[in-house]
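Colleague: Could you take me through this structure, please? I would like to begin with contacts between charged side chains.

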Amino acid sequence: MTGARAALRRDLLRIDRLDAGLRWRWAASRFTDRAAGRAVDELTTAAVAWLREVVAEHGWPGRALVGARAAGAAARVVQHGRDAAFQRRCLRLLRRAAARGDAPWHQVAYLTDALRVAAGRRQVYGTKFHRRDGALVPLPIERAASVDRRRAAVGLPPLAVYARQMQRTFR
C-alpha cells in the first residue's frame with residue numbers, strides 16, 4: 001500500500017474508532033447525553049467534509065484503495081452524514097464499486113435506506129430502527145413482506161435476526 005493510501009486507511013480507521021466510541025456513549029444514554037450528541041455531530045460534519053475531499057481526489061475509497069475495514073468506515077461516514085447531495089453521489093459511486101467487487105452490497109443497502117428515511121420515504125432493506133414504547137423497531141419498510149429477499153440479495157441477515165441484534169446491542 002502506498003504512503004497516501006496507507007494514510008487514508010489510517011485516517012478512516014481512526015475516524016471510525018472515534019465515531020463508534022461517541023455513538024456508543026450517546027446510545028448508552030438513550031440519546032439524552034447532549035454533549036455526546038454534539039460530539040457525534042461535530043465529528044460527523046468534519047469527517048464528511050474530509051471524505052468529500054478524498055472522494056474528489058480518489059473516487060470511492062473501496063477495498064482496493066484502503067482495504068475492507070477502512071472502506072466500511074467510509075461507508076458509515078457517508079451514511080451518518082446529512083448532506084443528501086453528497087450521499088446520493090456516494091451511493092452512485094458505491095453501487096459501481098459493489099458491481100465490480102470493490103465494496104459489499106450491504107453498504108449500498110444501508111446508504112439507500114439512510115437516504116430514503118431522510119427524505120421521508122419508506123426504507124427498502126429495513127436497516128433503520130427507532131424507539132417506540134421502549135423497544136427498537138424498524139422504521140416503515142416498502143413492500144415489507146419481501147424485505148428478507150431483498151436483504152438476502154445484498155448479504156444481510158433476515159430482518160428478525162437483525163432486529164434481535166439491534167435489541168441486544170442497544171438495550
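Modeller: The side chains of D33 and R25 meet in a salt bridge, with N and O 3.3 Å apart. A salt bridge here is a side-chain nitrogen of Lys or Arg within 4 Å of a carboxyl oxygen of Asp or Glu. This is a predicted model: local features need pLDDT of at least 70, side-chain atom pairs count only at pLDDT 80 or more, and totals for chains, interfaces and linings use all residues. Residues are numbered from 1 along each chain as its sequence is written, and side-chain values use heavy atoms, with hydrogens and water left out.

Colleague: Is D33 buried or exposed? And R25?

Modeller: D33 is partly exposed, with a relative accessible area of 23%, and R25 is partly exposed at 40%. Buried means under 20% relative accessible area, exposed over 50%, and partly exposed in between, with a 1.4 Å probe and protein chains only.

Colleague: How many salt bridges are there in the whole structure?

Modeller: A search of the whole structure finds eight. One of them joins R100 to D102, with the closest N and O atoms 3.7 Å apart. R100 counts as exposed at 55% relative accessibility, whereas D102 is buried at 9%.

Colleague: What does R116 pair with?

Modeller: The side chain of R116 forms a salt bridge with that of E142, at 2.5 Å from N to O. R116 lies in helix α6 (residues 105-118) and E142 in the loop between β2 (135-138) and α7 (147-153), so the pair ties together parts that are 26 residues apart in sequence. Helices (H or I, at least four residues) and strands (E, at least two) are DSSP runs, numbered from the N terminus. R116 is buried at 12% relative accessibility, and E142 is partly exposed at 25%. R116, E142 and R143 are linked in a network of salt bridges.

Colleague: Staying with that loop, where is S146, and what does its side chain join?

Modeller: S146 is in the loop between β2 and α7 and is buried, with a relative accessible area of 13%. Its side chain makes a polar contact of 2.7 Å with that of R150. A polar contact is a pair of N or O atoms within 3.5 Å; within protein, one must be able to donate a hydrogen and the other to accept it, and residues adjacent in sequence count only if both atoms are side-chain atoms.

Colleague: How do β1 and β2 run?

Modeller: Strand β1 (residues 129-132) and β2 run antiparallel and are joined by four bridges; two strands pair if DSSP finds at least two bridges between them. R131 has L136 in β2 as its bridge partner. The two strands form a hairpin with two residues between them, and D133 in the turn has a positive phi of about 55 degrees.

Colleague: Now the interior: which residues touch the most other members of the largest nonpolar core?

Modeller: They are L51 and W60, in a core of 30 residues. The helices α1, α2, α3, α4, α5 (84-99) and α6 each supply at least two residues of this core. A nonpolar core is a set of buried Ala, Val, Leu, Ile, Met, Phe, Trp, Tyr and Cys residues joined through side-chain atoms within 4.5 Å.

Colleague: What is L51 in contact with?

Modeller: Leaving aside neighbours within four places in sequence, L51 is in contact (heavy atoms within 4.5 Å) with L12, P61, A74, V77, V78 and F86. Apart from this core lies another, of 13 residues, among them A109, V147, L156 and M166.
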